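Trainee: I have a model open and want to work through its fold with you. Where do we start?

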Amino acid sequence: MKKIAVLVCAALFSVSALAGNNNSLPLLSFGLKVGYTANQQKFDINTLINSQAFKENAAGFNAGIVARVDIPVVPIFVQGELVYDWGKYKGIQLAEGLSTSDVTTNNLSVPVLVGVGIGSSNIVKVRANLGPVFNILSTAKFSNLKNADSYESVFQRPTVTWTAGLGVDLFNIMIDVRYNGVFKKKEISKVTDLASVDTTPTSWTISVGYLF
């Protein structure tokens, strides 16, 4: 019975400590972030000669602004972001007989995250967060490809995806690693004699930022 009482007291002390740390945070904080995007754009293997190239040759970066609301008493926060992503895929061949093409993508998105943070608000805090991502503006440019508009148009449709990840706050510095997934595949309609192509734009991102 004494051991149980000790454990309960320890748990209550831990919760109180977390609440005290979170209560000392400003209600609203703003920040800036930059990072690297490891794209994993996947295409239907039946209609793309070298679909592996979309996973191996992708390179990109992301940059954005952050607004975080820390809820008093409990270690929970809500974070909104406005993020720009740029990516480039080199040497993509969409079908037999077509020349290779470089693909450049641009995306403007608004992630809305809910998370929990554990640790000291003034030194080190470990965070976990997840939420929807509203992709409000997307473009893609295929070089050296006829009928490219049919492929590019699929990237221009607004979509809602999701993201989840872990982060660490070191004083005012934010470090985040996230996996970005999709609820539904995009589909490129038939182009000339090619079958439709399903795309699954998943990615990993790592970013570093500063919270003011």
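Mentor: Start with the order of elements. This is a predicted model. Along the sequence, the protein follows the pattern α-β-α-β-β-β-β-α-β-β-β-β.

Trainee: How many helices and strands does the protein have?

Mentor: The elements are DSSP runs, numbered from the N terminus. The count for the protein is 3 helices and 9 strands.

Trainee: What share of the residues count as buried?

Mentor: Buried means under 20% relative accessible area. The protein has 212 residues. The share that counts as buried is 39%.

Trainee: And the surface: what part of the exposed area do carbon and sulfur atoms supply?

Mentor: The protein exposes about 11600 Å². Of that area, carbon and sulfur atoms supply 68%.

Trainee: Among contacts between residues at least 6 apart in sequence, what percentage join residues at least 24 apart?

Mentor: A contact here means heavy atoms within 4.5 Å. Take the contacts between residues at least 6 apart in sequence. The part that joins residues at least 24 apart is 67%.

Trainee: Now the strands. How many bridges join S5 to S6?

Mentor: Strand S5 covers residues 124-142, and it runs antiparallel to S6. One bridge in S6 pairs Thr 161 with Val 133. The number of bridges joining S5 to S6 is 12.

Trainee: In which sense do S6 and S7 pair?

Mentor: S6 spans residues 159-170 and S7 spans residues 173-182. They pair over 10 bridges. Thr 163 has Asn 180 in S7 as its bridge partner. The sense is antiparallel.

Trainee: Which residue in S7 stands opposite Ala 164?

Mentor: Stay on the S6 and S7 pairing, which has 10 bridges. Opposite Ala 164, in S7, stands Tyr 179.

Trainee: Which residue in the turn of the S6 and S7 hairpin has a positive phi?

Mentor: The hairpin leaves 2 residues between its strands. One residue in the turn has a phi of about 60 degrees. That value is positive, in a residue other than glycine. The residue is Phe 171.

Trainee: Is Phe 171 buried or exposed?

Mentor: Phe 171 sits in the loop between S6 and S7. Its relative accessible area is 58%. The cut-off for exposed is over 50%, so Phe 171 is exposed.

Trainee: On to the rings. Why is the pair of Trp 162 and Tyr 179 called tilted?

Mentor: The structure holds 5 aromatic pairs. In this one, the ring centres of Trp 162 and Tyr 179 lie 5.7 Å apart. Planes under 30 degrees apart count as stacked and those over 60 as edge-to-face. The pair is tilted because its planes meet at 55 degrees.

Trainee: How many residues apart are Trp 162 and Tyr 179?

Mentor: The pair links distant parts of the chain. Trp 162 is in strand S6 and Tyr 179 is in strand S7. Their separation is 17 residues.

Trainee: What relative accessibility does Tyr 179 have?

Mentor: Its ring partner, Trp 162, is partly exposed at 29%. Tyr 179 also counts as partly exposed. Its relative accessibility is 25%.

Trainee: Which residue has Arg 68 lying over its face?

Mentor: Look for a ring centre at 5.1 Å from Arg 68. The ring belongs to Phe 77.

Trainee: Which side chain makes a polar contact with the side chain of Thr 37?

Mentor: Thr 37 lies in strand S1, residues 28-43. At 3% relative accessibility, it counts as buried. The polar contact is at 3.0 Å. The partner is Asp 85.

Trainee: Thr 105 touches Asp 85 too. Is Thr 105 buried or exposed?

Mentor: Thr 105 is in strand S4, residues 101-119. The residues it touches include Trp 86, Tyr 89 and Thr 139. Trp 86 also forms an aromatic cluster with Phe 61 and Tyr 84. With a relative accessible area of 13%, Thr 105 is buried.

Trainee: Last one. How far apart in space are Val 112 and Phe 134, C-alpha to C-alpha?

Mentor: Val 112 is in strand S4 and counts as partly exposed at 32%. Among the residues it touches are Gln 79, Leu 130 and Phe 134. Val 112 and Phe 134 are 22 residues apart in sequence. In space, the C-alpha distance is 8.1 Å.

Methods
Residues numbered from 1 in each chain as written. Predicted model: local features only at pLDDT ≥ 70, side-chain atom pairs only at ≥ 80, totals over all residues. Heavy atoms only, no water. Pairing = 2+ DSSP bridges. Helix = DSSP H or I, 4+ residues; strand = E, 2+ residues; numbered from the N terminus. Buried < 20%, exposed > 50% of the residue type's maximum accessible area, 1.4 Å probe, protein only. Polar contact = N/O pair within 3.5 Å; in protein donor to acceptor, adjacent residues only side chain to side chain. Phe/Tyr/Trp six-rings, centres within 6.5 Å; stacked < 30°, edge-to-face > 60°. Lys NZ or Arg CZ within 6 Å of the ring centre and 35° of its normal. Areas by Shrake-Rupley, 256 points an atom, 1.4 Å probe, with all protein chains shown as cover. Lists of a residue's contacts leave out its neighbours within four places in sequence.
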